[in-house]
2 protein chains.
Amino acid sequence: MISDHVRTNTYRMAILRNSESIRGKVVLDVGAGTGVLSIFCAQAGAHKVYAVEACSIAEQAVEIVKQNNLEGKVEVVRGTVETVDLPEKVDVIVSEWMGYALLHESMLNSVLYARDKWLKPGGVILPSKAELYIAPICDPVAEDRLHFWYTVKDKYGIDMSCMYDFARKCVMNSDITVNTVTVEDVLSHPARFAEIDLYSVTAEELRSVKGQFRCESFGSAAVNAFCVYFTVTFPSPDKAPPLVLSTSPFKPETHWKQAVLYLGDAVEVVQDTPVTGEVCMYPSEESTRHICIHVDYTIGQEKRQSKNFSIPDWSAETQQ
Amino acid sequence: MISDHVRTNTYRMAILRNSESIRGKVVLDVGAGTGVLSIFCAQAGAHKVYAVEACSIAEQAVEIVKQNNLEGKVEVVRGTVETVDLPEKVDVIVSEWMGYALLHESMLNSVLYARDKWLKPGGVILPSKAELYIAPICDPVAEDRLHFWYTVKDKYGIDMSCMYDFARKCVMNSDITVNTVTVEDVLSHPARFAEIDLYSVTAEELRSVKGQFRCESFGSAAVNAFCVYFTVTFPSPDKAPPLVLSTSPFKPETHWKQAVLYLGDAVEVVQDTPVTGEVCMYPSEESTRHICIHVDYTIGQEKRQSKNFSIPDWSAETQQ
């Protein structure tokens with residue numbers, strides 16, 4: 001994770017730029033991992049940082065804090081933020097809580113819990129805002145994989161074109177696919193469909209994050225998927241522009257990539273064809289930490305369609 | 001899977017080259033999938049092909065057989081080869097049964113069952129032989145990932161070098177990693193450590209496939225892993241050289257890639273340093289279809305070491 005330079009560097013810049021809010025203050029790092037953000041806060045002049053981490057990686061955080069001679073400033077607290085007891089309230093909460101599609105296996109609920117229990121009135125949350133975007137895309141790789149079935153006859157002398165419809169159902173399924181979307185495959189300006197203010201949002205409101213969208217196609221293409229991504233924004237002191245950590249396909253890649261939602265059928269669009277609809281993100285019934293996405297959409301003159309998506313279980317990947 | 005050209009084309013060539021054994025004969029395809037190998041056999045002149053497939057893909061196989069006007073020749077039989085009842089014994093068994101590292105989730109036991117129950121005396125098995133190879137390698141990507149922890153201080157002002165040992169244990173773990181090994185990273189000629197004759201091997205013998213190996217390093221390098229791969233060989237009529245489907249890193253890539261086994265520590269070798277040992281492959285206790293690999297090895301003057309590896313659970317990937 002630390003090797004995701006966009007992520008780590010944006011947090012570092014944001015923490016250093018907010019040093020006025022941090023200097024001499026008490027900070028809580030929710031889900032501190034190896035303690036990197038906590039150490040950035042210490043470097044920004046924090047008086048004390050509580051690095052709360054439930055997993056065994058907390059042991060490494062203790063070592064790293066020692067190796068950087070910050071034992072006096074950064075205190076690693078092993079436990080969940082819902083259960084740990086801190087000796088004082090805090091001025092600043094910092095957290096890197098975002099999951100795939102923002103909310104998949106995210107720790108946002110823990111951040112809100114920490115805010116309500118430990119943040120002093122008027123305290124600062126880094127980042128302070130999250131926004132969700134959607135755009136129609138054409139994924140040519142998926143289409144190539146499907147077109148393959150028409151090529152088998154030439155390659156091996158067997159007509160397998162009847163596999164096309166079956167394979168289309170398999171590939172264009174209701175899984176949320178986490179993948180890097182190529183800029184050229186994005187068919188319109190992305191539309192923002194939801195904004196989350198970390199100072200005011202409630203856990204109850206997160207049970208249904210939804211909003212409408214309207215895009216207009218750049219040109220002629222076949223829409224076969226939507227791409228969903230997020231940004232988070234850090235407050236800036238004075239009149240400096242706020243710092244944004246973006247997972248947009250138009251920005252440098254992050255480990256979050258983008259969430260791709262395949263439609264059942266590709267729909268042809270021309271320049272300015274409107275693509276409109278509503279997105280609703282909600283926790284899965286099986287596991288509240290897993291996210292589902294429901295999209296109602298209308299492409300041009302086509303009739304309204306809707307599709308439900310969810311993230312399949314993956315094996316854990318080793319991440320830095 | 002069909003889009004793995006090396007795999008599909010080698011089977012096709014092997015079946016066509018063995019048309020003398022197939023023409024006018026009865027064939028059993030074990031685990032037929034979409035029925036591609038069955039249709040190749042029909043094209044090679046088989047009188048009748050029983051395409052036995054337990055999964056629902058059998059429905060697609062029925063469609064494909066119809067679309068190729070082979071209903072009279074290829075009969076899709078839904079079920080496992082252990083339970084289906086065929087009206088006759090067969091002259092030829094064809095099967096694509098190989099898994100990762102040859103034996104992981106392989107269907108070889110089903111092929112042996114089919115051989116013992118349905119193959120006529122003197123019948124043909126395609127392929128007829130499997131061989132397993134091992135070679136010491138240096139995986140520079142793994143080393144780069146580990147070296148990253150020494151670069152964090154320059155990048156972000158935090159000394160995280162104490163993560164190196166911890167990360168080494170995480171990356172160089174006991175998982176069998178399925179990955180494409182680059183030719184340049186292979187440090188010696190591969191050594192064959194086991195051979196399986198499909199005409200004679202028993203299910204009991206497959207409970208422990210083992211053998212010794214000896215390699216000699218091409219030059220100076222740091223061995224940090226072994227790579228294990230397999231070949232299967234098809235008989236050839238007359239004096240033609242046998243056809244080999246190889247998953248060697250020295251050959252064109254297949255979807256099987258190679259199995260990579262990371263050592264705990266990298267060991268320096270120079271030209272002609274001997275790397276010797278014994279490999280044993282056996283079914284996991286948790287699941288008989290999952291493979292474990294035990295390697296005892298000695299590199300140069302180092303003391304004998306041993307390590308057990310197993311394949312972690314993955315989510316199923318959609319494959320063609």
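**Chains A and B: the contact and helix α4(A)**

Modeller: To start with the contact: this is a predicted model, and between chain A and chain B there are 14 residue pairs in polar contact, both residues at pLDDT 80 or more.

Colleague: Which helices of chain A supply at least two residues each to the side that touches chain B?

Modeller: They are α1 (5-17), α3 (36-43), α4 (57-67), α6 (140-156) and α7 (163-171).

Colleague: And where does the largest share come from?

Modeller: From α6(A), with six residues of that side.

Colleague: What is that side of chain A like by class?

Modeller: There are 17 nonpolar, 14 polar and six charged residues.

Colleague: How many salt bridges between chain A and chain B?

Modeller: The count is zero.

Colleague: OK, and how many residues does the contact take from each chain?

Modeller: Chain A gives 37 residues and chain B gives 37 residues. About 3,300 Å² is buried between them, and carbon and sulfur atoms give 62% of that area.

Colleague: Switching to α4(A). Which of its residues are buried?

Modeller: A58(A), Q60(A), A61(A), I64(A) and V65(A).

Colleague: Why do they line one face of the helix?

Modeller: Looking down the axis of α4(A), its buried residues fall within an arc of 150°, so they sit along one face. In general, an α-helix has 3.6 residues a turn, so residues three or four places apart point the same way.

Colleague: What covers them?

Modeller: The cover includes α3, β2 (48-53) and β3 (74-78) of chain A, together with α7 (163-171) of chain B.

Colleague: What about N69(A), what is its phi?

Modeller: N69(A) follows α4(A), and its phi is positive, near 55°.

Conventions. Residues numbered from 1 in each chain as written. Chains lettered and ligands numbered in written order. Predicted model: local features only at pLDDT ≥ 70, side-chain atom pairs only at ≥ 80, totals over all residues. Heavy atoms only, no water. Contact = heavy atoms within 4.5 Å. Buried area = accessible area lost by both parts, 1.4 Å probe. Salt bridge = Lys/Arg side-chain N within 4 Å of Asp/Glu carboxyl O. Polar contact = N/O pair within 3.5 Å; in protein donor to acceptor, adjacent residues only side chain to side chain. Helix = DSSP H or I, 4+ residues; strand = E, 2+ residues; numbered from the N terminus. Nonpolar A, V, L, I, M, F, W, Y, C, P; charged D, E, K, R; others polar. Buried < 20%, exposed > 50% of the residue type's maximum accessible area, 1.4 Å probe, protein only. Arc of directions from axis to C-beta.
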